[in-house]
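These are my notebook entries on a structure that I had not examined before. I record what I looked up, entry by entry.

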Amino acid sequence: MTSELAAILPSPGLPEPADLPFRKVSITDVRNLFTPPDEAIFHGQANDTFELLKAWAGSTLAFAIYWSRGNLFSQRFLTALVISAVVCGLAFILHELAHRIVARGYGAEAHFVANNGMLLLSIAIAFLGVFFAAPGAVWHRGYLTTRQGGLIALAGPATNLGLAVLFLIVLSVILIGGIAAPDWVLTLCAVGFRFNAWLGLFNMIPAGPFDGAKVLNWSPLVFGITVGIAIVLTFVLTDAALGSLLQWILGL
Ligand SMILES: [Zn+2]
């Protein structure tokens, strides 16, 4: 099993309790993250495309609500929705597709199944100023070695770290090249960089259902290198550090 969890991000401010919708979602509606889905997914009854679209839409909505502080009728929400669809939705979907591609590449059966309860819960708590998403997981079965299992797990976080670097390169090219780009493009690149770096690091936690546990089990060296890259992207390349670096490059 390869399960996803996104980080709980700091609260931008709590709205009044009376303003909170979706309060009827109870914790009992949430499928246990450790419980495998019905065997039916391995008997021709899986619809991966629909499940992925659901996870994409749900996590996009949750992040946009969190980011616009639950104010659905603001211009900020529309901008947040567009940026979230590209940044947050894609970060999750490409992460999951990477697991599935590598698993199928090793001849395993693999399907993505969205976690409806967690998607609803993540949308509900986004109104509370908390972002937490576990949109679903790729489930696979078939004979796999520890190395193959480790590489299937690594594919997800590695995809997010790759996306983070890609967003950072685009952002740097725009700033260094003095290219006239609208503000939302700069925001998209900056958020895309931060979100993917954080998601990559978070999923490398070496415990429980996280990808990191399987990577560490296969190769402590690969685990260490991946976590090292993720820490540099997340904590060393702060906004201040990136600003100084760009200033220095521009001054050359
Ligand atoms: Zn994963």
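**Entry 1: Ala164.** I looked up the contacts of Ala164, setting aside its neighbours within four places in sequence, and found Phe193, Asn196, Ala197, Gly200 and Leu233. I note that the model is a predicted one. I then turned to the largest nonpolar core, which has 66 residues; Ala164 is among the members that touch the most others, together with Ala62, Ile65, Ala91, Ala126 and Ala197. Helix H4 supplies the largest share of this core, namely twelve residues. As background I wrote down that nonpolar side chains in soluble globular proteins tend to be buried together.

**Entry 2: H4 against H7.** I asked which residues of H4 meet H7. On the H4 side I listed Leu154, Pro157, Ala158, Leu161 and Ala164, and on the H7 side Val222, Thr226, Ile229, Ala230 and Leu233. Sorted by class, this contact holds nine nonpolar residues, one polar residue and no charged ones. For the geometry, I recalled that a pair of packed helices is described by the angle and the distance between their axes. H4 covers residues 146–177 and H7 covers residues 220–236; their axes come within 11 Å and cross at roughly 30°. Angles under 35 degrees count as roughly parallel, and H4 and H7 are therefore roughly parallel to each other. I recorded the crossing of H4 past H7 as left-handed.

**Entry 3: H4 against H8.** I next examined H4 with helix H8, residues 239–251, and found an angle of about 45° with the axes 10 Å apart. The two helices, H4 and H8, are therefore oblique to each other. Here H4 passes H8 in a right-handed crossing. Ser172, Leu175 and Ile176 of H4 meet Leu246, Ile249 and Leu250 of H8. I counted five nonpolar residues, one polar residue and no charged residues in the contact of H4 with H8.

**Entry 4: Leu52.** Is Leu52 buried or exposed? I entered Leu52 as buried, because 21 other C-beta atoms lie within 10 Å and the cut-off for a buried residue is 20 or more. Leu52 belongs to helix H1, residues 48–67. Not counting residues up to four places away in sequence, Leu52 touches Ile93, Glu96 and Phe112. I also looked up the separation of Leu52 and Phe112: they are 60 residues apart along the chain, and their C-alpha atoms are separated by 6.9 Å.

**Entry 5: H1 against H2.** From Leu52 I moved to the packing of H1 on helix H2, residues 75–105, where the angle is about 135° and the axes are 7 Å apart. That makes H1 oblique to H2. The crossing of H1 and H2 is right-handed. The H1 side of the contact includes Leu52, Trp56, Phe63 and Trp67, and the H2 side includes Phe77, Cys88, Phe92, Ile93 and Glu96. By class I recorded 13 nonpolar, four polar and one charged residues for the contact of H1 with H2.

**Entry 6: the chain as a whole.** How many helices and strands does the protein chain have? I found eight helices and three strands. Their order from the N terminus reads β-α-α-β-α-β-α-α-α-α-α. Of the 252 residues in the protein chain, 41% are buried. Finally, among contacts between residues at least 6 apart in sequence, I noted that 80% join residues at least 24 apart.

Notes. Residues are numbered from 1 along each chain as its sequence is written. This is a predicted model: local features need pLDDT of at least 70, side-chain atom pairs count only at pLDDT 80 or more; totals for chains, interfaces and linings use all residues. Axes are lines fitted to C-alpha atoms, for helices over the stretch in contact, and angles run from 0 to 180 degrees between N-to-C directions. Helices (H or I, at least four residues) and strands (E, at least two) are DSSP runs, numbered from the N terminus. Angles under 35 degrees count as roughly parallel, over 145 as roughly antiparallel, 65 to 115 as roughly perpendicular and the rest as oblique. A crossing is left-handed if the near helix is turned anticlockwise from the far one by less than a right angle, and right-handed if clockwise. Two residues are in contact if their C-beta atoms, placed from the backbone, lie within 7 Å. Ala, Val, Leu, Ile, Met, Phe, Trp, Tyr, Cys and Pro count as nonpolar, Asp, Glu, Lys and Arg as charged, and the others, Gly among them, as polar. A nonpolar core is a set of buried Ala, Val, Leu, Ile, Met, Phe, Trp, Tyr and Cys residues joined through C-beta atoms within 7 Å. A residue is buried if 20 or more other C-beta atoms lie within 10 Å of its own, exposed if 12 or fewer, and partly exposed in between; C-beta atoms are placed from the backbone.
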